[in-house]
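Hi,

Here is the structure I said I would pass on to you. Have a look at it first, and then read on for what turned up.

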Amino acid sequence: DHIAMHVPATAASTPLIRLAAAQVAAQCGGDYDRVEDVRIAVSEAIRVLIGTPGDEGRGSGQNVARLDAAFTVGADSLTVVVGLDGTGDLPGTDADTERILDATTTSYRIDATRGDSPAVTVHFDMGTSSGAVRDRTPGREH
């Protein structure tokens, strides 16, 4: 199954994508902790792309129109790709963001090299509980 949504690229749109992610995770059979992991990781993915409400208007250089979220459901997995339809300087990651993504996902990838469409991909094995052992890959993919 594949589900996609497109919302304005503002911090106010974050709850819409988080709610959709939680609903899809629950329908995939995720337990309470795994659904929360999905919601938290998706929030961090969005933060990497557009920042937080406090960051708005601080000259981030963003020229964006749309935030795209694509949910792909596998047999025992969920992959969420959050992409930015626009250009500009990304708020990016910090050590806290990477720790949160490490703790909540099975794997993730931050791709700021996609030209006008940077994206963050978060992947979850839905057959495992929160804090699952992950496949560690060197580089920007975790």
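To get you started: in which helix does E44 lie? E44 lies in helix 2, which covers residues 32–50. Bear in mind throughout that this is a predicted model. Is E44 buried or exposed? With a relative accessibility of 14%, E44 counts as buried, because the cut-off for buried is under 20%. Setting aside neighbours within four places in sequence, E44 has T97, I100 and L101 as its contacts.

Now the overall layout. The chain has 3 helices and 5 strands, and if you read along the sequence they come in the pattern β-α-α-β-β-α-β-β. There are 142 residues in the chain, and buried ones make up 42% of them. If you take the contacts between residues at least 6 apart in sequence, 70% of them join residues at least 24 apart. As for the outside, the chain exposes about 7,100 Å², with carbon and sulfur atoms supplying 51% of that.

Back to helix 2, since there is a fair bit to say about it. 14 of its 19 residues are buried, so helix 2 is largely enclosed by the rest of the structure. Its length works out too: at 1.5 Å a residue, the 19 residues should span 27 Å, and the end C-alpha atoms are 27 Å apart, which agrees. Just after the helix comes G51, which has a positive phi, near 85 degrees.

How do helix 1 and helix 2 sit against each other? Two packed helices are described by the angle between their axes and the distance between the axes. Here the axes of helix 1 and helix 2 come within 8 Å and cross at roughly 150 degrees. The crossing of helix 1 past helix 2 is right-handed. On the helix 1 side, the contact is made by T14, I17, R18, A21, A22, A25 and A26. Helix 2 brings V35, V38, R39, V42, S43 and I46 to that contact.

Next, the inside. The largest nonpolar core has 31 residues, and the members that touch the most others are I17, L67, F71, L78 and V122. Which elements give two or more residues to this core? They are strand 1 (2–8), helix 1 (14–27), helix 2, strand 2 (63–73), strand 3 (77–87), strand 4 (107–111) and strand 5 (119–125). Helix 2 gives the most, with 9 residues. If you want one residue to click on, try I17: leaving out neighbours within four places in sequence, I17 is in contact with M5, V7, V42, I46, L67, A69 and F71.

A few other residues are worth finding on screen:

- H123 is in strand 5. Its C-alpha atom is separated by 5.9 Å from that of L78, although the two residues are 45 apart along the chain. Not counting neighbours within four places in sequence, H123 is in contact with S77, L78, T79, T105, T106 and S107.
- D111 has its place in strand 4. At 17% relative accessibility, D111 counts as buried. D111 touches P118 and A119, again without residues up to four places away in sequence. Between the C-alpha atoms of D111 and G83 there are 9.3 Å, and the two residues are 28 apart along the chain.
- E98 is found in helix 3, residues 95–104. Its relative accessible area is 23%, so E98 is partly exposed. From C-alpha to C-alpha, E98 and Y108 are 9.4 Å apart in space, and they are 10 residues apart in sequence.

That is what I have for now. Send me a note once you have been through it.

Cheers

Conventions:
Residues numbered from 1 in each chain as written. Predicted model: local features only at pLDDT ≥ 70, side-chain atom pairs only at ≥ 80, totals over all residues. Heavy atoms only, no water. Helix = DSSP H or I, 4+ residues; strand = E, 2+ residues; numbered from the N terminus. Buried < 20%, exposed > 50% of the residue type's maximum accessible area, 1.4 Å probe, protein only. Contact = heavy atoms within 4.5 Å. Core = buried A, V, L, I, M, F, W, Y, C linked by side-chain atoms within 4.5 Å. Areas by Shrake-Rupley, 256 points an atom, 1.4 Å probe, with all protein chains shown as cover. Expected span 1.5 Å × (residues − 1). Axes fitted to C-alpha atoms, helices over the stretch in contact; angles between N-to-C directions. Left-handed = near helix turned anticlockwise from the far one by under 90°.
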